[in-house]
Amino acid sequence: MNSITRSFILLIVTFAAHAAKLPSFITKCDKNSPSFGKCAVDLAHAIIPTLQNGYKELNFPPFAPFHVQEIEIEATDSLNIKLTDLDIFGLEKAKFNLIDCNFDTLECLMEINFPELIVKGTYDIDGRVMILPIKGHGPTSIKLVGANFVLSMKWSLKKNGGVDYSPIDKFELHYQTERSFYHFDNLFNGDKVL
């Protein structure tokens with residue numbers, strides 16, 4: 001989920017701080033103001049309905065559902081999961097609780113709550129849980145209920161060919177859920193004993 005969240009969050013922060021170059025439905029937030037965080041939260045909630053079906057002028061894809069080619073998860077030192085061709089449902093219901101950015105150190109901390117996220121796609125899993133080998137490939141469905149995400153990121157400002165851009169140098173995501181449901185077809189490659 002990192003690539004999705006990174007793109008969306010950086011878009012919100014960019015909108016909030018540099019709205020002079022962006023569409024008229026974006027209200028600029030003063031990045032030097034002590035109320036920048038509240039303004040950015042209000043802006044995030046205001047633009048989600050406009051952006052959920054995509055915005056071609058900004059090359060922003062639809063996120064209801066959001067399509068992701070691949071996510072790799074290192075669940076443990078001995079268990080790797082690769083999710084591919086994913087559709088993620090529920091991003092448009094995001095509730096931003098906090099956006100706290102420091103534009104001197106180029107860092108942001110955010111808290112976002114999703115009432116429900118559903119991920120559908122294909123999985124590959126390979127590794128071990130304790131002594132049990134786990135291997136499989138097939139369709140997957142993941143449902144997160146009451147998901148609370150805490151994200152921190154640090155970026156830099158660079159120029160390339162006279163164009164300003166902001167690569168993300170560090171990104172951390174931690175989340176908790178009230179309930180989680182995972183379904184993996186063909187887990188253990190169909191071995192009914194396991």
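A residue counts as buried here when its relative accessible area is under 20%. Keep that cut-off in mind as you look around this predicted model: of the 194 residues in the protein chain, 37% are buried by that rule.

**Stop 1: the whole chain**

Start with a cartoon view of everything. You should find two helices and nine strands, and if you trace the chain along its sequence the pattern reads α-α-β-β-β-β-β-β-β-β-β. Now switch on the surface. The accessible area is about 11,400 Å², and carbon and sulfur atoms hold 52% of it. Among contacts with a separation of 6 or more, 60% are between residues 24 or more positions apart.

**Stop 2: the E4 and E5 hairpin**

Next, select residues 107-129, which make up strand E4, along with residues 132-155, which make up strand E5. The two run antiparallel, and 22 bridges join them. Zoom in on the turn of this hairpin, where two residues sit between the strands. Click methionine 130 there: its phi is positive, near 55°. Then go to cysteine 108, which has methionine 153 of E5 standing opposite. Keep both residues in mind, since each comes up again below.

**Stop 3: the other partners of E5**

Leave E5 selected and add residues 168-176, strand E8. E5 and E8 pair in the antiparallel sense over eight bridges. Here is methionine 153 again, this time with phenylalanine 171 as its bridge partner in E8.

Now add residues 179-184, strand E9. E9 pairs with E5 too, also in the antiparallel sense, over six bridges. To find a spot on this pairing, pick valine 145 and look across to arginine 179, its bridge partner in E9.

**Stop 4: the nonpolar core**

In soluble globular proteins, nonpolar side chains tend to be buried together. To see the largest nonpolar core in this model, show the side chains of Phe63, Leu83, Leu91, Phe96, Ile99, Phe114 and Leu117. The core has 46 residues, and these seven touch the most other members. Which elements each supply at least two residues of this core? Color helix H2 (36-51), strand E1 (66-76), strand E2 (79-89), strand E3 (95-102), E4 and E5, and you have them.

**Stop 5: the first disulfide**

Show all the cysteines as sticks. A search of the whole structure finds two disulfides. Go to cysteine 29 and cysteine 39, whose sulfur atoms are 2.0 Å apart. Cysteine 29 is in the loop between helix H1 (2-17) and H2, while cysteine 39 is in helix H2, ten residues away. Is cysteine 29 buried or exposed? Its relative accessibility is 1%, so cysteine 29 counts as buried. Cysteine 39 has 25%, so this one is classed as partly exposed. If your viewer shows torsions, check the S-S bond of this pair: the value is about -80°, which means the disulfide is left-handed.

**Stop 6: the second disulfide**

Finally, select cysteine 101 and return to cysteine 108; a disulfide joins them, with an S to S distance of 1.9 Å. Cysteine 101 counts as buried because its relative accessibility is 14%. Cysteine 108 is buried as well, at 4%. What handedness does the torsion give the disulfide of cysteine 101 and cysteine 108? The torsion about their S-S bond is about 110°, so this disulfide is right-handed.

Before you close the viewer, count the bonded cysteines along the chain: the disulfides follow the pattern 1-2, 3-4.

Methods:
Residues numbered from 1 in each chain as written. Predicted model: local features only at pLDDT ≥ 70, side-chain atom pairs only at ≥ 80, totals over all residues. Heavy atoms only, no water. Pairing = 2+ DSSP bridges. Helix = DSSP H or I, 4+ residues; strand = E, 2+ residues; numbered from the N terminus. Buried < 20%, exposed > 50% of the residue type's maximum accessible area, 1.4 Å probe, protein only. Contact = heavy atoms within 4.5 Å. Areas by Shrake-Rupley, 256 points an atom, 1.4 Å probe, with all protein chains shown as cover. Core = buried A, V, L, I, M, F, W, Y, C linked by side-chain atoms within 4.5 Å. Disulfide = S-S within 2.5 Å.
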